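Good morning, everyone, and thank you for making the time. I would like to take you through one structure, going from the overall chain to the interface and then to a few charged side chains.

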Amino acid sequence: MEPLALYGYIILFAPLVATALITCFTLKHKAVSSWIAIGGMLVAFGANVLAAMQVFGADASFEPVHEIEWLSVGHVMIPFGVQMDALSVMMSLIVTGVGLCIFVFSTGYMKGEDGWSRYFACLSLFSFSMLGIVLSTNLIQTFIFWELVGVSSYALIGYYFHKDSAVDAGKKAFLTNRIGDFGMTWGIILLFYTLVDTLGWERASFSYEKLKLLYHASDPLIVQVMADHSGTLALATLLIFTGAVAKSAQVPLHVWLPDAMEGPTPVSALMHAATMVAAGVFLVCRLFFMFAPYEIALGVVAWMGGITALLAAGVAFVQHDIKKVLAYSTLSQLGYMVLALGMGAPAAAMFHLTTHAFFKALLFLGSGSVIYGCHHEQDMRKMGGLRKTMPVTFWTFMIGTAALAGIAPFSGFWSKDAILSAASVGHVPGAPILYGMGVLVALMTAAYMGRCVILTFFGEYRGHAKPHESPVSMTGPLVVLATASVFAGVLSIPKGISEHGGWLEHALVGATTAPVWFPGMHEEVFLPSVAIVGTVAALFGLFLAYMFYAKKAWSIDSFVAAVKPLHTLLEKKYYFDEAYLWLVANVQQTIAETCGFIEVHVLRRIVDAVAGTTRWFGGQVRLLLDGHLHRYVTLALFGAVVIIAAVLVGN
Amino acid sequence: MLLTLLTFLPALGIPFLFMTKDVKTQRMIGLATSAAAMLLSIWLYFQFDPELTVLLADTSQFGFSVPWISVGDAFKINYSMDVDGVSMLLIVLTGVLGFLAAVNAMSIQKNVRGFYAMYLLLLTGMFGTFVAMDLFLFYMFWELMLLPMYFLIGIWGGPRREFAAIKFFIYTMVGSVLMLGAFLAVYFQLSAAFAAPEFAGQALNAFSIPDIIAHQSLIFPGNDALRMVLFVALFIGFAIKVPVFPFHTWLPLAHVEAPTPISVILAGVLLKMGGYGMIRIAFPWFPDAVVTAWPWLATLGIVSIIYGAAVALAQTDWKKMVAYSSVSHMGYVILGLASMTEEGINGAVIQMFSHGLLSGMMFLCVGVVYEQAHHRDLNRFGGLLKLMPKYTFVAMIAFFGSLGLPGLSGFIAEMFVFFGAFKSELPHAKVFTIIGTIGIVMGAVYILVMIQKVFLGEPREKQLHPFKDLSFREGVTLWPLAIGALALGIFPTPAFDLIGPALHSWRKPFVAEIRGTEREAGSLPPGLIEIRDAVEAVQTEEGK
C-alpha cells in the first residue's frame, strides 16, 4: 500500500477508533472521552496534512485510488477503498480542520452537560461517516456513509433527547434525508443497470474512476451507447442528485436544516458549516462528469440552487433566534454553491464551500459563544451591546460577517465573486435571471447579517442575565477560524489579479472533471464588472441594515406593515412545514389507518367468515348424521342415484 | 449420520427432564441440550464445503439415504437427509437462536419441565425440516413443529393464549393440507413416470426431493393449468408460514400471546420455514409456474412490504408493531426470490438470515421491558434512554438494523433484493421494484416513531418499580445477535460464499424457463438469445 492510501485509511478510521474506545471503555470518564475524541481528530488531521503535502506537492506522481473488493455477488462487485485526489484531500482537510476546532470548542461549551461521553462518541462517529463520504471511491460506499451521516446526525440533533422538539428535529432530519436517499438508491440502481444492459458487466462499475472513463471514453462504441441512452443517464444523474438535495438542504427538502438547530451549537457548526450539508455539494463535484454532458441536468441543478438561495435569504430577515438566522443563511449559501455547480463551475462551488466552512463555522461558534455568555439565551431581541462585554467574540464575529457578506478582501468576497462571474456567463436556460438572483441574494445576505450583528452586538443590552466573555477553549477556536476566514481567499484569487491565482481551481480540475473542458464548463476568469456589482450590492445591503436597525432613520415597523403579506409569507417560511405536516397527518396517517382498518375489519372478517362457514357446515352435517340408520341408507341411495344419473347424462 | 445426530440431539434431552424434579436442574438440562445443538450446528458449518451443491449425490458430505418404510414395490420411503449452503445457513441460525431463546426462557416459572420438553421437541422438528430430503420425512418434521408450538403458545402464552394457539394451529393446518394434497399428486404422478423403462436401473424415488426437482418436467407434462394449481397449493401452504399478505393474520396474534422465547423462535426460525419451503420445494418443482406467476408473486411481495409497514405504523402495542415489521421484511424475501436473478435470490436468503437475527433481537428487547412494565403500550413509555442506557444501546442496533441502516445486516439484504428485482428480465420488474422501494422510507417512519415514543423524551408514566438496566442474562441473549448483525453487515462475504454456489445451480432451470418464454413470445429474435446465452456462459466461466 502506498503511503498516500495509508494516510487515507488513517484519516477515515481514526475517528471511528475514537468512537469505539469511548463507547467501550470511557463512558464514565468525561475528560478522557473528550481527549480521545480530540486525539482521534488530531491524528486524522495530521495524516491529512501529510496527504495534502503529497497531493498538492510539486511531485504529483501518485496513485489516487486504493480499492479492495468488499463484496461480490454474481457479477456485481462492490469495492471499498479511499480516493485521495485533490478534491477529497481538500474536502477532508476542511472536515478534519474545522472539525478539530469544533471538538475543542465543545469542551468549553458542553461543560456541565449530561451525557458528555455520549456527545463526543457521536461527534466522532459523525466525523467518521462524513470522512467516509469524502474519501469514498464508489457509489455504494458513498451511499453507505451517506446513511451513516444521517443516523449520526439524528443522534446529535436529538442530543437533548428529553426535549420533544429536539427529538422531532432529529427525526425530521433523518426522514427528510431518507427521502433523498430513496431517490439516490434509484439513481444508483438505474445508472448501474443501464450500463450493465448496454455495455455489459465488464465495463459497468460503481467506481468513480471507472465511470469517469466511460463518460470520457473515446471508443466510438461506448460514445454511441452513452449518447443513445443519454435520457436514462440524465435521469439517473438527477435521481442521484435528490440525495444531494436532501443532504445539502435544497428546496423542497430543506425543511430539516432550520429545525436541526435544536442540537447543541457546536453540532450546528459542525453539521452546517463543514460537513453534512457540504456533502451534497461535494457529491455533485465528485460526480460532475455525470452532470456535465446534460444541459437539462445542469439546468435543474442551477435553478434549484438559485431558488433555494433566494427563498432562504428572505426567511433569514424575519428570524429572531440568532442560530436560526445563521441556519437560513446556510441554506442560502448552499443554494449559492449549487447554483455554481449548475453553472458548470464545480471549482467555484468547492471554493465557496471551503471559505464558507471557515466563516460559517466561525459564525456558529461565535453565536454559541454569545449564547453561552448570555446564559443560553438565543433570542436576539434579548441581546444587544455585547461588543463591550464579549470583545473577542465580537471581533471574530465581525470578521465572519464581513466574509459572509462578501466584502473584499475577506475570503467570502473571492468565492462569491467566482460564483457570480460563473453565473454571469453561464449557459443554462435563464442564466441571466439566475445571475440577477445571485446579485440580489448578495444584497440580502449583507442586509440580514447587518441586522443580526446590530441587534446582537450594538445598541443597549436588553437581556436580564449578566453576559460574560467565554473561556479560552471557546475563544481560541474562534480566533483560528477568524484567521482562516480572512485568508482562505488566497486559495483561489482569480488569475486576472494575481499571477499565481486560480490555484484551487487548477488543482481541482483533474478531480472534478476530465482534463478536457466541457462545453458547459466555465473556466474562471476575473470579471471586474461582476466584482463591482457584487460589492455594490453587499455595501447597499449593509447600508440598508444600518439605516433600519442602527440609525433607525427608517422605521422597520412601517416597512413591515407596508409589505404585510410578504412578511407573513416569510414568517411562515412559505408554508413548507405546514404542507408537509398536512401530508404526514392526512396522507401517511390515512394510509396507516386504512391498512390498520383493513387488517382488523376486512381480513379478519374474511377469516372469521371462512371459519364460521366451516362451523355452520359442520353443524348442518351433524344434523343429518344423527345416528338413525334409515337416514344414512336414504342418503346413500340418493347419492347413488345422482351419480348414476350423472354418468348417464355424461354419456 | 451427523445430521441425524443434530436433528435428534435436542430430543435426547427430553428423557433427562423427566428424571429430576428439581426445576433448576431441568432448566440446566434444557440449556445444556440446546447449547450442544448450537455447538454442533456451528461445527457443521465449519466442516461444510459450500461448493458441493448436488443433494444426495455420492459426493455429498453429510448426506445419506437409507430405506425406511416400504410397502411393496410401489411405496418406498427413505430416511434421507442432506444439506446445502442455504439449509446450512438456516441450521446455524436455528442453533444459535435455539440456545439464546433457551437462555431467555430461564425466567419461565410455570411447569418448567413441560416447557423444555416441548421446546426441545420443537428444536428437533426445526432441524429435521431443514435437513429432510424425503417428502414423507419432511412432512413429518413439518408437522412435528406444529404441535409443540401449539402447546407453547397455548399454555405459556398471554391472556388470549388459547385463542391464539388455535388460530395458529388451524391456519398452519390449512397450509399443511394444501401442501399434502400437492405432495400426493406429485408423488403418484412421478412414481408412475419413474416406472417407465427409460428410468430402469436409476433407482429414482418419487418421495426424494432432489429426484423430484431433477425430473420436475415429468409432473403432469404439458398440463400447465394443473401444474399451476399444484404450485399455488404449495405456495399458499408455505406463504402462510412466511407469512405473505393476505395469509399473515395469524401472526400478530400468535406473537403477542406467545412468551418471549417462543416469539423469538417463531419470528427467527419458523417464519424461515416458509421461505425455505419455497426454495426447496414449491419453486424448483414448477419453474414454469413461477415464471408465469411472477406478476402475482411480485405483487404479493411489495404489498407485504408496504402493507406490513403501514400497519406497523398504526399499532400501539409494541410487540404487534414488531410482528408486522416481520410481514414487511419477509415481503423482500418473496420479491427477491421471484426476481430469479443472482442478486435477488442471494439477497432474499440473506434477508431471511438477517431477519432471524434482527427480529429475534427485537422480540427479546420488547421482552426485557415487558417483564418490568407488564404492558407494551407504546404511548405509555418514554425516556428509556435515560433509565436504561445499556439496554437502549443494544436495542438501537436491533431497530436501526431493521430500518436497513448500512453497517448492519438488513441493508445488504435489501440492497441486493432491489438490485435483483430491478435487473430481473421478468415483465414490469422495474415498476414493481420502484413501488417496493417505498418500503425503505416507510420502514424508517415506523421505527423512528417507535424509538421516539419508547426511548426518547421524558418517561410518560411513573413506574412502580424503577426500570433496571440490562441484566447479565439479557445481555448474554442480546449481544451475540447484535454482533452477528454487525458482522454480517460489515463482512458479509462468508455468508454469501456459503449460499452462493447452491443458489447459482438452483437458479438455472428458472433462467432456462425465462429464456424459453422469451423465445415463445418472440420478444427477442431467436438468434440473439443464443448469442446472449453463449456470452453469459463464457462470462460465468471467466468469473469462476
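What follows is a short walk through this model, and please keep in mind throughout that the model is predicted.

Let me begin with chain A taken alone. Its secondary structure comes to 27 helices and two strands, and its C-alpha atoms fill a box of roughly 110 × 70 × 55 Å along the principal axes. Of the 651 residues in chain A, 58% are buried. If we take the contacts in chain A with a separation of 6 or more, 80% of them are between residues 24 or more positions apart.

Now to the interface. On the chain A side 44 residues are in contact, and on the chain B side 56. The size of an interface is often given as the accessible area lost when the parts come together, and for chain A and chain B that area is about 4500 Å², with carbon and sulfur atoms giving 74% of it. Within the part that chain A buries against chain B, Phe161(A), Arg178(A) and Trp186(A) supply 14%, which is more than any other three residues.

Which elements of chain A each supply at least two residues of the side that touches chain B? They are strand E1 (65-73), strand E2 (76-83), helix H5 (139-157), helix H6 (164-199) and helix H26 (576-624). The largest share, 14 residues, comes from H6(A). Sorted by class, this side of chain A has 29 nonpolar, seven polar and eight charged residues.

As for specific pairings across the interface, the rule finds 13 residue pairs in polar contact, both partners being at pLDDT 80 or more, whereas the salt bridges found there number zero. One residue to look at in this connection is Glu414(B), which is found in helix H16 (residues 409-423) of chain B. Glu414(B) is buried yet has no salt bridge, and the nearest side chain of opposite charge, at 5.9 Å, is Arg178(A). Apart from its neighbours within four places in sequence, Glu414(B) is in contact with His329(B), Tyr332(B), Gln351(B), Ser402(B) and Gly404(B).

Side chains of opposite charge can pair when their charged atoms come close, and over all chains the structure holds 14 salt bridges. I have picked out three of them, starting in chain A, where the side chains of Lys172(A) and Asp259(A) meet at 3.0 Å, N to O. Lys172(A) lies in helix H6 of chain A and Asp259(A) in helix H10 (residues 256-259), so this salt bridge ties together parts that are 87 residues apart in sequence. Lys172(A) counts as partly exposed because its relative accessibility is 22%, and Asp259(A) also counts as partly exposed, at 23%.

In chain B, Asp84(B) and Arg280(B) form a salt bridge at 2.9 Å, N to O. Asp84(B) lies in the loop between strand E2 (75-81) and helix H3 (85-104) of chain B, while Arg280(B) lies in helix H10 (residues 260-285) of chain B, so the pair ties together parts 196 residues apart in sequence. Are these two residues, Asp84(B) and Arg280(B), buried or exposed? Both are buried.

The last pair is Asp317(B) with Arg376(B), whose closest N and O atoms are 3.2 Å apart in a salt bridge. This pair links distant parts of the chain, 59 residues apart, and Asp317(B) and Arg376(B) are both buried. Finally, salt bridges that share partners join Lys172(A), Asp259(A) and Asp577(A) into one network.

Note on methods. Residues numbered from 1 in each chain as written. Chains lettered and ligands numbered in written order. Heavy atoms only, no water. Contact = heavy atoms within 4.5 Å. Buried area = accessible area lost by both parts, 1.4 Å probe. Salt bridge = Lys/Arg side-chain N within 4 Å of Asp/Glu carboxyl O. Polar contact = N/O pair within 3.5 Å; in protein donor to acceptor, adjacent residues only side chain to side chain. Helix = DSSP H or I, 4+ residues; strand = E, 2+ residues; numbered from the N terminus. Nonpolar A, V, L, I, M, F, W, Y, C, P; charged D, E, K, R; others polar. Buried < 20%, exposed > 50% of the residue type's maximum accessible area, 1.4 Å probe, protein only. Lys, Arg positive; Asp, Glu negative; His and termini not counted.
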